[in-house]
Amino acid sequence: MAKGFVKNAKRVDPYKSFKFRVKWDGKVVLGVSKVSALKRTTEVVKHRDGGDNSTDHKSPGRTTYDAITMERGLTHDPEFEKWANMVHAYAGDPAMDLANYKKELTLEMMNEKGHVVFRYFLHDCWVSEFTALPELNSNANALAIESLKIELEGWNRDEATKEPNESDPVPAA
């Protein structure tokens with residue numbers, strides 16, 4: 001019977017989703033606690049042959065990539081806001097940074113020990129929604145979270161990132 005792990009044949013449980021990091025501009029983005037799923041959808045184009053109208057044939061159509069959301073606890077790190085302001089600043093259209101508002105992002109998922117097990121490259125990303133402050137509630141017992149909704153034009157998995165040997169030490173980031 002086929003197993004999901006080759007180098008770590010004794011491992012039977014799948015990877016957990018709680019250990020990951022996001023990079024942009026060559027740096028790890030601090031404090032990101034949640035990233036939504038990477039999802040793409042290809043539309044189905046139905047067509048029929050003229051002589052066989054009772055059967056639909058299907059072929060792939062346009063592919064779209066869903067936006068992702070990123071959340072982190074609110075700190076004095078201005079990176080989320082700086083990026084969001086490249087698309088729209090209070091100063092209006094002249095303040096938009098048309099040359100630099102899109103970024104290439106890297107999303108790395110790690111095993112429990114800290115080895116990178118999957119790496120995805122997210123292409124032509126830009127901020128379509130920014131939450132600077134959450135709802136404030138004096139009766140709540142919660143962290144203040146800021147968030148970005150990031151539009152992207154595509155992503156691909158880094159096929160050079162292979163299954164790590166889990167007995168190896170974790171390399172420096």
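**Pockets, a helix face and a buried glutamate**

Strand S7 is the element that gives the most to the lining of the largest pocket, contributing three residues. Keep in mind as you look around that this is a predicted model. S7 covers residues 103-110, and together with strand S8 (116-131) it belongs to the strands that each supply at least two residues of that lining. The full set of lining residues is Ser17, Lys19, Phe20, Val35, Ser36, Ala37, Leu38, Leu107, Glu108, Met109, Phe118 and Tyr120. Sorted by class, they come to eight nonpolar, two polar and two charged residues. The space inside the largest pocket is about 260 Å³.

Let's pick one of those lining residues, Glu108, and take a closer look. Glutamate 108 sits in strand S7. Is this residue buried or exposed? With a relative accessible area of 2%, glutamate 108 is buried, since the cut-off for buried is under 20%. Its side chain has charged partners to hand: a polar contact of 2.4 Å links glutamate 108 to the side chain of arginine 21, and another, of 2.7 Å, links glutamate 108 to the side chain of arginine 119. Leaving aside residues up to four places away in sequence, glutamate 108 touches Lys19, Phe20, Arg21, Lys23, Val116, Phe118 and Arg119.

Arg21 now leads us on to the second largest pocket, where Arg21, Gly114, His115, Val116 and Pro171 are the lining residues that lie nearest the centre. This pocket holds about 150 Å³ of space and has twelve lining residues. Of these, seven are nonpolar, two polar and three charged. Strand S1 (20-24) and S8 each supply at least two residues here; you may remember S8 from the lining of the largest pocket, where S8 also supplies at least two.

Finally, turn to helix H1, which runs over residues 79-87 and has Phe80, Trp83, Ala84 and Val87 buried. Why do these four lie on the same side of H1? Around the helix axis they cover an arc of only 100°, so they share one side of H1. What do the buried residues of H1 pack against? Their partners are S1, strand S3 (32-35), strand S6 (68-73), S7, S8 and strand S9 (145-151). That brings us back to familiar ground: S7, among these partners of H1, is also the strand that holds glutamate 108.

Technical notes
Residues are numbered from 1 along each chain as its sequence is written. This is a predicted model: local features need pLDDT of at least 70, side-chain atom pairs count only at pLDDT 80 or more; totals for chains, interfaces and linings use all residues. Side-chain values use heavy atoms; hydrogens and water are left out. On a 1 Å grid over the protein atoms alone, a cavity is a set of points where a 1.4 Å probe fits but cannot get out, and a pocket is an open set with protein on both sides within 12 Å along at least five of seven lines; lining residues have an atom within 4 Å of a point. Grid points are joined across faces, edges and corners, and a volume is the space filled by probe spheres set on the points. Ala, Val, Leu, Ile, Met, Phe, Trp, Tyr, Cys and Pro count as nonpolar, Asp, Glu, Lys and Arg as charged, and the others, Gly among them, as polar. Buried means under 20% relative accessible area, exposed over 50%, partly exposed in between (1.4 Å probe, protein chains only). The arc is that of the directions from the helix axis to the C-beta atoms. Contact means heavy atoms within 4.5 Å. A polar contact is a pair of N or O atoms within 3.5 Å; within protein, one must be able to donate a hydrogen and the other to accept it, and residues adjacent in sequence count only if both atoms are side-chain atoms.
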